[in-house]
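Let's sit down together with a model and talk through how to read its charged side-chain pairs. Have the viewer open and follow along.

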Amino acid sequence: MSIEVLDSNTIVNFVGDEEAFTVSVHELFVNLDSDHDGQLSYSEMLKELQSLRVFETHFGIDESMSPRQLASEYESLFTKFDHDSNGKVDLEEFKAETRQMMLAMASGMGFLPVQMVLEEDSLLKKAVEWENAMLAA
């Protein structure tokens, strides 16, 4: 983990660089695809979603949800990724929904820089590294 400074432009510009974004999303997809079948099952995505604790915290404060509520929320999120409703998420579905999520995050962030603690292999960390490389060039 590291503390990084970023703003909405960091994310928007990274997502707008089709090559950099595609490479980063592909790396994440391959890491999640534990059975190497080229598609993500619910259980493969669930591990990542649970590690992010998307629904268990609110601004860093633990929230109490019943296991049933939590399962329902994760299933709903998986369904957003599974555009063709075949029970699996392929790379293009994953990329499209990841793009939408990152742009929504950027929209909610505003234009002022914020400090965030980022996981080393996260897409946000890759966005910061991409921006730093562009500034250095």
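## Reading the salt bridges

A: Let's start with one pair in this predicted model: Glu 18 and Arg 99 form a salt bridge, with their closest N and O atoms 3.1 Å apart. This contact links distant parts of the chain, since Glu 18 belongs to helix α2 (residues 18-32) and Arg 99 to helix α5 (residues 91-109), 81 residues apart.

Q: What is the general idea behind such a contact?

A: Side chains that carry opposite charge can pair when their charged atoms come close. For the count, a Lys or Arg side-chain nitrogen has to be within 4 Å of a carboxyl oxygen of Asp or Glu.

Q: How many salt bridges does this rule give?

A: The count comes to six salt bridges.

Q: Are the partners Glu 18 and Arg 99 buried or partly exposed?

A: Here the cut-off helps: buried means under 20% relative accessible area, and partly exposed runs from there up to 50%. Arg 99 has 18% relative accessibility, so this residue counts as buried. Glu 18, at 39%, is partly exposed.

Q: Which residue does Glu 27 meet in a salt bridge?

A: Its partner is Lys 126, with an N to O distance of 3.0 Å. Again the pair links distant parts of the chain: Glu 27 sits in helix α2 and Lys 126 in helix α6, 99 residues apart. Glu 27 is partly exposed, with a relative accessible area of 37%, while Lys 126 is buried at 18%.

Q: Which residues are joined into one network by salt bridges that share partners?

A: That network is made of Glu 4, Glu 120 and Lys 125. Within this group, Lys 125 forms a salt bridge with Glu 4, and their closest N and O atoms are 2.5 Å apart. Lys 125 lies in helix α6 (residues 123-136) and Glu 4 in strand β1 (residues 2-6), so the pair ties together parts that are 121 residues apart in sequence.

Q: Are Lys 125 and Glu 4 buried or exposed?

A: Lys 125 counts as buried, at 8% relative accessibility. Glu 4 counts as buried too, at 15%.

Q: Where does UniProt place the feature "domain: EF-hand"?

A: The unreviewed UniProt entry puts that feature at residues 69-104. Such an annotation may be inferred rather than shown by experiment. In the model, the span of residues 69-104 is 75% helix and 6% strand, and its end C-alpha atoms lie 24 Å apart.

Key:
Residues are numbered from 1 along each chain as its sequence is written. This is a predicted model: local features need pLDDT of at least 70, side-chain atom pairs count only at pLDDT 80 or more; totals for chains, interfaces and linings use all residues. Side-chain values use heavy atoms; hydrogens and water are left out. Helices (H or I, at least four residues) and strands (E, at least two) are DSSP runs, numbered from the N terminus. Buried means under 20% relative accessible area, exposed over 50%, partly exposed in between (1.4 Å probe, protein chains only).
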